Amino acid sequence: MKTLLIALSVILAGVSSFSYAGSPVSMSPAGASVYIISPTDGQTVGTTVTIQFGLTGMGVSPAGVEKAKTGHHHLLIDGNKLPDLTQPLGKDVMHFGGGQTEKTIELSKGTHTLQLILGNHLHIPHNPPVVSNKITITVK
Ligand SMILES: [Cu+2]
């Protein structure tokens, strides 16, 4: 009996550690969306720009904190295409792992595009990915 209990607890420990490790991909709830509050698409701004991040249907958690239906923002500046959304996001985006919801950046004069991508505690985009529309701004 004692052997059986030990065997059972080993199996249960195995199951719980498996589910804890789980899949590195987090699910996003239906209707979740990320968007850029400011500046707006087509806006003309100065070289110092405060980008404000909006998120509905989900919450913001810092990187490293595993919590369902949350993530942290990533800003893609002048990205010709989206990065691989099945892998941890890399250096081609700015990470806001502290859970920031805005950032003031310096941009050169000219036209720039901005796009937000939400990533989970491991910087991996959710499934389905929560990605904003790409906006275009003019810096003067
Ligand atoms: Cu990140």
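The following dialogue examines how the terms applied to this predicted model rest on their definitions.

Student: What makes the model suitable for local statements, and how are residues numbered?

Tutor: This is a predicted model, in which local features need pLDDT of at least 70 and side-chain atom pairs count only at pLDDT 80 or more, while totals for chains, interfaces and linings use all residues. Residues are numbered from 1 along each chain as its sequence is written.

Student: How do you know which elements the chain contains?

Tutor: Helices (H or I, at least four residues) and strands (E, at least two) are DSSP runs, numbered from the N terminus. By that criterion the chain has 1 helix and 9 strands, and their order from the N terminus is α-β-β-β-β-β-β-β-β-β.

Student: Why are strand 8 and strand 9 said to pair?

Tutor: Two strands pair if DSSP finds at least two bridges between them. Strand 8 and strand 9 (residues 135-139) are joined by 5 bridges in the antiparallel sense, so the criterion is met. Within this pairing, His-112 has Ile-137 of strand 9 as its bridge partner.

Student: What makes strand 5 a partner of strand 8?

Tutor: Strand 5 (residues 70-77) shares 6 bridges with strand 8, and the two run antiparallel; the requirement is therefore satisfied. Here Leu-76 lies opposite Gln-115 of strand 8.

Student: Why are strand 1 and strand 7 called edge strands?

Tutor: An open sheet of 3 strands has the order 1-3-7, with antiparallel pairing. Strand 1 and strand 7 (102-106) each pair on one side only, and they are the edge strands. Strand 3 and strand 7 are linked by 5 antiparallel bridges, and Ile-51 is placed opposite Lys-103 in strand 7.

Student: What makes a group of 15 residues a nonpolar core?

Tutor: The term denotes a set of buried Ala, Val, Leu, Ile, Met, Phe, Trp, Tyr and Cys residues joined through C-beta atoms within 7 Å. Buried requires 20 or more other C-beta atoms within 10 Å of a residue's own (exposed is 12 or fewer, partly exposed in between), with C-beta atoms placed from the backbone. The largest such core has 15 residues, and those with the most contacts inside it include Val-34, Phe-53 and Leu-118. Strand 1 (33-38), strand 3 (48-56) and strand 8 (110-119) each supply at least two of its residues, strand 8 giving the most, with 4.

Student: How do you know which residues Leu-55 touches?

Tutor: Contact means that two C-beta atoms, placed from the backbone, lie within 7 Å. Leaving aside residues up to four places away in sequence, Leu-55 touches Val-34, Val-60 and Leu-118.
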